[in-house]
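Here are some notes from a colleague to read alongside the model. Keep the viewer open and turn the structure as you go.

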Amino acid sequence: MRPEPAYRIPFSGRAHRYTQAEVDLVARVMQEADPLTQGRHLREFEAAFAAYIGAPHCFATNNATNALELAAQLCELKPGDEVIVPAHTFTSSAYPFAKQGARLVWADSDRATRVVTAQMIADKLTPRTKVIVVVHLYGYAAQMPEIMDLARRHDLIVVEDVAQALGAEVAGRKAGTFGDLGVISFHSHKNVTTLGEGGMLVVKDPAKAALVPLLRHNGHCAFDSPREHYWTPAMGNLDLPRPGLWPSNYCLGEVECALGTELLTRIDQMNADKRVRACRFIDALGDHPELQFHRVDSTRHTYHLLAAYMDERGRPGLRDAFMERMAFEKLIKCVVQYYPLYRYPLYAKNGFGQASCPGADDFFDHMVSFPFQHWLSDEDLDYMLASTREVLEDLSR
Ligand SMILES: Cc1ncc(COP(=O)(O)O)c(C=O)c1O
């Protein structure tokens, strides 16, 4: 493999910078919090998040993958149950459900919006379908009202994977509040990050919500009856309502929670900054129809990522030639993301290597994801725009 150059514009592993106030807050909570996990900052973060997203039962976790593990447990799957998941997504949208014994059924993605549609889910329904996972990939909220209608007609559980789309809205509501369960990520790459890792689980059913603190934290709970001393028979109880349900430790620390609460005050602004820039970039390339973006000038898109489809128009290899010129001549690291999951050995070896998802295959095989971290300077964005134009023009000669 040709070694990668020293990039002028990297595909950064961190999405945004912190303000001085955020840095000061982190330093203060580091020194003052007692305990450093499971304390008042957790409660405040969950309450602030619930108010932000508009759903009452929200639970912070140490990442979205573990929020998905909890979501999968709460679905109470039985062997043979089918879970429909888009093939074009990050791996942890899918495998937590396989770990609970489900059969994964891959859904296609719409070429224009890059997310699953109600029709694509309907195409994969069988009498064994129990759950549908809807991923708001790239930051764009899928058509939740239609998907919820379908789910209600077929009595299905809906899990929204909002890892990439915190703040995205559809039909006047935030993504993550339509489904039975919603999952948000605060990973380093996401539009806001709680120091690299973090997640949130939104639960609609209050009975299921009551289980989450136990499942999230080792099954710790109170004893049923009053005790004479706080130390007898033990410091605390361990229980869960049925056999076969086992807990984990998926807690998020106090420093991350305090920072998360603070970041919620500017997530909308950061999303708006990214949306304005995305639209500017897309519009400036309007005379290059071979590069097809998904332009959405509304809160339905958070532009976590800025991805395009390269229409090769009888010029096979155009996408790869573009990537190469951008990387080695312009020193801009574009990437190709979300290998359809059924192509990975991990899924194939477990019997999930088959799919009919022509939209996902075609999009993946032609996609270009531009570096789009919030901290990109205006100068770098302009340089990326000029470079994109130059390379496309050269390649069309
Ligand atoms: C669509 C999607 N789902 C789930 C996850 C998992 O998030 P986390 O890294 O917080 O576990 C990611 C992270 O990249 C993601 O993009």
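The points below go from the whole chain to its domains, then to two helices, the ligand and one tyrosine.

1. **What you are looking at.** Please keep in mind that this is a predicted model. The protein chain contains 13 helices and 14 strands. Along the principal axes, its C-alpha trace spans about 85 × 55 × 45 Å.

2. **Overall packing.** How does the radius of gyration of the protein chain agree with that of a compact globule? A compact globule with 397 residues would have a value near 21 Å, and the protein chain has 22 Å, so the two agree. Of the 397 residues, 44% are buried. Now take the contacts between residues with a separation of 6 or more: 72% of them join residues 24 or more positions apart.

3. **Two domains.** The domain assignment splits the protein chain into domain 1 (20–263) and domain 2 (267–395). Their centres, taken over C-alpha atoms, are separated by 27 Å. Where the domains meet, 31 residues of domain 1 are in contact with 30 residues of domain 2. On the domain 1 side, strand 3 (103–107) and strand 6 are the elements that each give two or more residues. The residues on that side of domain 1 comprise 16 nonpolar, nine polar and six charged.

4. **Helix 6, a helix with two sides.** Find helix 6 (residues 144–154), where the buried residues are M144, I147, M148 and A151. Why do they lie on the same side of helix 6? The reason is that they cover an arc of only 100 degrees around the axis. Turn to the other side of helix 6 and you meet P145, D149 and R153, which are exposed. The cover over the buried residues includes helix 5 (118–122), strand 4 (129–135), strand 5 (157–161) and strand 6 (169–170). You have already met strand 6 on the side of domain 1 that touches domain 2. After helix 6 comes D155, with a positive phi near 55 degrees.

5. **Helix 7, for comparison.** Which residues of helix 7 (residues 206–216) are buried? They are K208, V212, L215 and R216. These residues cover an arc of only 80 degrees around the axis, so they sit on the same side of helix 7. Exposed residues on the other side are P206, A207 and A210. The partners that the buried residues pack against are strand 1 (58–61), helix 3 (64–74) and strand 9 (199–203). Just after helix 7, look for N218, which has a positive phi of about 60 degrees.

6. **Around the ligand.** How many residues surround the ligand? There are 15, and the closest are N63, A64, T65, A163 and S185. By type, the shell around the ligand has five nonpolar residues, nine polar and one charged.

7. **One tyrosine before the first point of call.** Y18 belongs to the segment before helix 1 (20–32). Is Y18 buried, exposed or partly exposed? A residue counts as buried with 20 or more other C-beta atoms within 10 Å, and as exposed with 12 or fewer. Y18 has 16 within 10 Å, so Y18 is partly exposed. To finish, try locating both Y18 and T302: they are 284 residues apart in sequence and 19 Å apart in space, C-alpha to C-alpha.

Key
Residues are numbered from 1 along each chain as its sequence is written. This is a predicted model: local features need pLDDT of at least 70, side-chain atom pairs count only at pLDDT 80 or more; totals for chains, interfaces and linings use all residues. Helices (H or I, at least four residues) and strands (E, at least two) are DSSP runs, numbered from the N terminus. The arc is that of the directions from the helix axis to the C-beta atoms. Two residues are in contact if their C-beta atoms, placed from the backbone, lie within 7 Å. Domain bounds come from an automatic or database domain assignment. Ala, Val, Leu, Ile, Met, Phe, Trp, Tyr, Cys and Pro count as nonpolar, Asp, Glu, Lys and Arg as charged, and the others, Gly among them, as polar. A residue is near a molecule or strand if its C-beta atom, placed from the backbone, lies within 6 Å of it. The radius of gyration is taken over C-alpha atoms; the globule rule is 2.2 Å times the number of residues to the power 0.38.
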